[in-house]
Amino acid sequence: MSRIDETLPFIPVRFAVLAVSDTRSLDTDKSGQTLADRITSAGHVLAERAIVPDDVEEIRAIVSCWIAEPSIDVVITTGGTGFTGRDVTPEAVEPLFEKRMDGFSAVFHRISYDKIGTSTVQSRATAGLANSTFVFVVPGSTGACKDAWDGIIAPQFDYRHQPCNFVEIMPRLDEHLKRGKLRV
């Protein structure tokens, strides 16, 4: 079972949050705000926050800029993971992945199933690694954002989380390139 090792220091990580919506603005984006609040409450840094319409090129352009930015360690998108014609976030983001994180989707759906039952199959939540940056694509509901953050993302980005966490491997994500983004 996981635990927090209080003898280890907390290491803040830099997050960017992108809401994907044709109908919301930053003022009315509850899901993006939920993530932003949780990020800062946990002691991390909210490096960027934006909103973009459900458009493959626009979504991919922003995520591409953020994964190229050394001051951003993690990108979380919210919205556009369903099956309607305008739901294109996975199509926009997955081509950027160098490595897929299949476990994220599996665990997300497990957590979600306990709350919304089989309706979880209507989400195409996904995650991966792109340019040594973690990228999470989560549904646009505030409940889904809470589930993804509280159940998966927050513990994995707490250096004190045991037996392992993403923060401890961040310096090695791009070791094949002989450079590093975050020094622990």
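## Cysteines

Counting pairs of cysteine sulfur atoms within 2.5 Å gives zero disulfides in what is a predicted model. Two cysteines can be described by their accessibility: C65 has a relative accessible area of 53% and is therefore exposed, the cut-off for that class being over 50%, whereas C164 has a relative accessible area of 44% and so counts as partly exposed.

## Helix 1 and its surroundings

Helix 1 covers residues 30-41, and its 12 residues, taken at 1.5 Å a residue, should span 16 Å; because its end C-alpha atoms are 16 Å apart, the expected span and the modelled one agree. At the start of the helix, a side-chain oxygen of D29 comes to within 3.5 Å of the backbone nitrogen of S31. S31 is itself one of the buried residues of helix 1. Just after the helix, G43 adopts a positive phi of about 100°.

Which residues of helix 1 are buried? They are S31, G32, T34, L35, A36 and I39. These buried residues pack against three strands, namely strand 2 (14-20), strand 3 (45-52) and strand 4 (74-78), and also against helix 5 (142-156).

## Strand 4 between two partners

Strand 4, one of the elements against which the buried residues of helix 1 pack, is mostly covered, with five of its five residues buried. The side chains are divided between two directions: V74, I76 and T78 point one way from the strand, while V75 and T77 point the other way, and all of them are buried.

Strand 4 is paired with strand 2 in parallel, through five bridges, and in this pairing V17 stands opposite I76 of strand 4. Strand 4 also pairs with strand 7, again in the parallel sense and over five bridges, with T78 standing opposite V138 of strand 7. I76 and T78, which stand opposite V17 and V138 respectively, belong to the group that points one way from strand 4.

## Strand 6 and the loop to strand 7

T126 lies in strand 6, and its relative accessible area of 3% means that T126 is buried, since the class takes in values under 20%. Leaving aside residues up to four places away in sequence, T126 touches P90, E94, F97, R100, F104, V135, F136 and V137. Among these contacts, V135, F136 and V137 fall within the range of strand 7, residues 133-138.

The loop between strand 6 (126-130) and strand 7 (133-138) contains N131, and S132 is placed in the loop between these strands as well. N131 has a positive phi of about 50° although it is not a glycine, and S132, also not a glycine, has a positive phi of about 60°. Are these loop residues buried or exposed? N131 has a relative accessible area of 26% and is therefore partly exposed, whereas S132, at 7% relative accessibility, counts as buried.

## A cis peptide bond at P163

The peptide bond from Q162 to P163 is cis, with omega near 20°. P163 is placed in the loop between strand 8 (161-162) and helix 6 (166-169). C164, the partly exposed cysteine with a relative accessible area of 44%, follows P163 in the numbering along the chain.

Methods
Residues numbered from 1 in each chain as written. Predicted model: local features only at pLDDT ≥ 70, side-chain atom pairs only at ≥ 80, totals over all residues. Heavy atoms only, no water. Helix = DSSP H or I, 4+ residues; strand = E, 2+ residues; numbered from the N terminus. Expected span 1.5 Å × (residues − 1). Buried < 20%, exposed > 50% of the residue type's maximum accessible area, 1.4 Å probe, protein only. Contact = heavy atoms within 4.5 Å. Polar contact = N/O pair within 3.5 Å; in protein donor to acceptor, adjacent residues only side chain to side chain. Pairing = 2+ DSSP bridges.
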